[in-house]
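Okay, thanks for coming, everyone. I'll put the sequence and the structure up, and then we'll walk through a few spots together.

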Amino acid sequence: MVHPCSVMRTCAATFLLIACSCSAMAETCPAARDHIEGVDALIKQVQKAQSQSDARVISNKMWELWTDAPDARSQTLLDRGMARREAWDLSGALDDFNQLVEYCPDYAEGYNQRAFVNYLRQDFDAALRDLNVTIEMSPNHIGALSGRALSLMGLRRLEDARSALSEALELNPWLSERALLEPGGLLEPPGEDI
């Protein structure tokens with residue numbers, strides 16, 4: 001005959017194993033949807049845009065793709081972090097984006113949004129690290145490319161900032177940051193000696 005305590009221990013161990021397995025499965029972020037073709041098509045459209053307002057509509061469509069998180073949990077973290085950032089709750093936003101990056105380490109926008117918060121906190125080194133990860137995962141992420149230029153500018157690495165901004169403007173010539181490269185702009189190329 002089986003002792004009741006051993007049955008209870010077996011049931012408890014089985015329950016714990018199932019609970020741990022379910023918890024581990026619940027903690028796995030699915031792969032983000034592949035929006036590369038969609039973003040590339042929108043880049044071609046924005047390069048042909050005839051006005052700033054047309055370009056803005058196209059850029060907003062890019063942001064819809066970039067901010068399409070892998071699942072409901074990651075979307076909640078992303079949306080809440082962005083709302084907190086908009087309300088200047090930078091600490092709360094940073095916490096949400098840290099959780100998002102930890103949960104979905106292969107989702108580029110988590111790093112990009114965390115970089116934006118660090119940029120606003122003037123932690124340009126941290127912003128640059130996350131922007132580099134974003135760009136590695138999503139090379140045509142125009143927002144990350146322009147963010148990298150601004151972060152480099154914050155670090156007073158002006159030549160690198162000019163180069164990064166030029167790269168972003170090749171993809172979207174309508175970026176508002178283009179004014180930084182114009183005469184009188186903070187990143188105006190140095191004049192040639194006569």
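I'll go through the cores, then the disulfide, then a few single residues and one helix. Keep in mind that this is a predicted model.

Let's start inside. The largest nonpolar core has 31 residues, and the ones with the most contacts within it are Met62, Ile142, Leu165 and Leu187. Which helices supply at least two residues each to this core? Those are H2 (36-47), H3 (52-66), H7 (124-137), H8 (142-154) and H9 (158-171). Of these, H8 gives the most, with seven residues.

Now click on Ile142. Skipping its neighbours within four places in sequence, Ile142 is in contact with Ile43, Met62, Trp66, Ala168, Leu171, Asn172 and Leu175. So that's one of the most-contacted core residues, Ile142, in contact with another one, Met62.

There's also a second core, separate from that one, with 13 residues. Among them are Ala69, Leu77, Leu100 and Tyr103.

Leu175 came up in the Ile142 list, and I'd like to stay with it for a moment. Leu175 sits in the segment after H9. Is Leu175 buried or exposed? Its relative accessibility is 11%, and the cut-off for buried is under 20%, so Leu175 counts as buried. Again leaving out neighbours within four places in sequence, Leu175 is in contact with Ile142, Ser146, Ala168 and Leu169. And look across to Gln52: Leu175 and Gln52 are 123 residues apart in sequence, yet their C-alphas are 8.7 Å apart in space.

Next, the cysteines. The structure holds one disulfide, and the partners are Cys29 and Cys104, with 2.0 Å from S to S. Which hand does it have? The torsion about the S-S bond is about 95 degrees, so the disulfide is right-handed. The pair ties together distant parts of the chain, 75 residues apart: Cys29 is in the loop between H1 (4-26) and H2, while Cys104 is in the loop between H5 (90-103) and H6 (108-120). Both cysteines, Cys29 and Cys104, are buried.

Since H5 just came up, a quick look at that helix. H5 has 14 residues and spans 20 Å from its first C-alpha to its last, close to the 20 Å expected at 1.5 Å a residue. Its buried residues are Leu90, Gly92, Ala93, Leu94, Asp96, Phe97, Leu100, Val101 and Tyr103. You'll recognise Leu100 and Tyr103 from the second core.

Speaking of aspartates, here's one over in H7: Asp130. Asp130 has a relative accessible area of 6%, so it is buried. What does its side chain make a polar contact with? The side chain of Arg114, at 2.6 Å. Not counting residues up to four places away in sequence, Asp130 touches Tyr111, Arg114, Ala115 and Asn118.

Last stop, out at the surface. Gln50 is in the loop between H2 and H3. With a relative accessible area of 69%, over the 50% cut-off, Gln50 is exposed. Its side chain reaches the backbone oxygen of Lys48 at 3.0 Å. Gln50 also has a distant partner in sequence to look at: Trp174 is 124 residues away along the chain, and 9.7 Å away in space, C-alpha to C-alpha.

That's my tour. Questions?

Conventions
Residues are numbered from 1 along each chain as its sequence is written. This is a predicted model: local features need pLDDT of at least 70, side-chain atom pairs count only at pLDDT 80 or more; totals for chains, interfaces and linings use all residues. Side-chain values use heavy atoms; hydrogens and water are left out. A nonpolar core is a set of buried Ala, Val, Leu, Ile, Met, Phe, Trp, Tyr and Cys residues joined through side-chain atoms within 4.5 Å. Buried means under 20% relative accessible area, exposed over 50%, partly exposed in between (1.4 Å probe, protein chains only). Helices (H or I, at least four residues) and strands (E, at least two) are DSSP runs, numbered from the N terminus. Contact means heavy atoms within 4.5 Å. A disulfide is a pair of cysteine sulfur atoms within 2.5 Å. A polar contact is a pair of N or O atoms within 3.5 Å; within protein, one must be able to donate a hydrogen and the other to accept it, and residues adjacent in sequence count only if both atoms are side-chain atoms. The expected span of a helix is 1.5 Å times one less than its number of residues.
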